Amino acid sequence: MSSANQSNIPVIAIDGPTASGKGTVAQLVAQRLGYHYLDSGALYRLVGLASFQRGISTAVEADLIPIAQNLNVNFQGDRIFLEGQDVSDQIRQEVMGQRASEVAVHPGVRQALVARQQAFRQSPGLVADGRDMASVIFTDAQTKVFLTATAEARAERRYKQLIAKGFSANIDVLLQDLRERDARDANRSNSPLKAVEGAHHLDTTSMTIEEAVNQVLKWHQAD
Ligand code: CDP
């Protein structure tokens, strides 16, 4: 598919900090519109996991780049396969979220994942979830949303999400990790977490998921 054709395909970019609810909202918006869905964070988590399996430190960019370039990953519905193995639950562990955030600071790792992310832009449309969807990967997205919530609300959501998956979790530790991750994501020099000009801001602290989804759909209709 040529890039000229691709640019006609609508993209809704949903960016925001950790546990802001962007994944849930993005998936539901995609479902309602019949659009494709890109979970860009999963790619960074997969680099975190694949490097962990090979005993590679998240500090060594030169060793991480080939891993990012050659990720053998398959998205099937809501399951994610790495080298044919279902790793959907494993990559959701907090330790993989931390590793993801550590590998994501390296420009070479980010660069290695660009084309893979842009390939998700397929007809009839795409909802892309991440931190740099509007600022770097899909700068021409028709609708740009920056989703936030207070750190406390996000820690509570992440807690419930982990418990529901059968992982153990401590809310105070989660809050601290989340603040650390916010700081790393916002302060890195390459593609820092930041709302772009023209983005719709949505604070979901006291919103239901349904309300957030409806708001995004309304914006998309008007954009
Ligand atoms: O759900 P949560 O926001 O905690 O995590 P995620 O979206 O799966 O992303 C995990 C980590 O990957 C983030 O902390 C970011 O450092 C990184 N990431 C990124 O740098 N750029 C993206 N487009 C998506 C994720």
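**Close-up views of a predicted model**

**View 1. The open sheet of 5 strands.** In this predicted model, 5 strands form an open sheet in the order 2-6-1-7-8, and their pairing is parallel. The edges are taken by strand 2 (36-39) and strand 8 (200-203), each of which pairs on one side only. Ignoring direction, neighbouring strands of the sheet are turned against each other by 20 degrees on average.

**View 2. Strand 1 beside strand 6.** Strand 1 (residues 11-15) and strand 6 (residues 126-130) run parallel and are joined by 5 bridges. Within this pairing, Ile14 has Asp129 of strand 6 as its bridge partner.

**View 3. Helices packed on the sheet.** Helix 3 (residues 40-53) packs on the sheet, where it touches strand 2 and strand 6, and the direction of helix 3 makes about 40 degrees with that of strand 2. Helix 11 (residues 209-222) also packs on the sheet, touching strand 1, strand 7 (143-148) and strand 8, and the direction of helix 11 makes about 170 degrees with that of strand 8.

**View 4. The packing of helix 9 with helix 10.** Helix 9 (residues 151-164) packs with helix 10 (residues 171-187) at an angle of about 120 degrees, the two axes lying 9 Å apart. Because angles of 65 to 115 degrees count as roughly perpendicular and those over 145 as roughly antiparallel, helix 9 is classed as oblique to helix 10. The crossing in which helix 9 passes helix 10 is right-handed. From helix 9, the contact takes in Ala151, Glu152, Arg154, Ala155, Glu156, Arg158, Tyr159 and Leu162, which meet Ile171, Leu174, Leu175, Leu178, Arg179, Arg181 and Asp182 of helix 10. By residue class, the contact of helix 9 with helix 10 divides into 8 nonpolar and 7 charged residues, with no polar ones.

**View 5. Lys165 in the loop between helix 9 and helix 10.** Lys165 has its place in the loop that lies between helix 9 and helix 10. The relative accessibility of Lys165 is 41%, so this residue counts as partly exposed, given that the partly exposed class lies between the limits of 20% and 50%. When residues up to four places away in sequence are not counted, Lys165 touches Asp89 and Arg92. Between Lys165 and Ser191 there is a separation of 26 residues in sequence, and their C-alpha to C-alpha distance in space is 30 Å.

Key
Residues are numbered from 1 along each chain as its sequence is written. This is a predicted model: local features need pLDDT of at least 70, side-chain atom pairs count only at pLDDT 80 or more; totals for chains, interfaces and linings use all residues. Side-chain values use heavy atoms; hydrogens and water are left out. Axes are lines fitted to C-alpha atoms, for helices over the stretch in contact, and angles run from 0 to 180 degrees between N-to-C directions. Helices (H or I, at least four residues) and strands (E, at least two) are DSSP runs, numbered from the N terminus. Angles under 35 degrees count as roughly parallel, over 145 as roughly antiparallel, 65 to 115 as roughly perpendicular and the rest as oblique. A crossing is left-handed if the near helix is turned anticlockwise from the far one by less than a right angle, and right-handed if clockwise. Contact means heavy atoms within 4.5 Å. Ala, Val, Leu, Ile, Met, Phe, Trp, Tyr, Cys and Pro count as nonpolar, Asp, Glu, Lys and Arg as charged, and the others, Gly among them, as polar. Two strands pair if DSSP finds at least two bridges between them. Buried means under 20% relative accessible area, exposed over 50%, partly exposed in between (1.4 Å probe, protein chains only).
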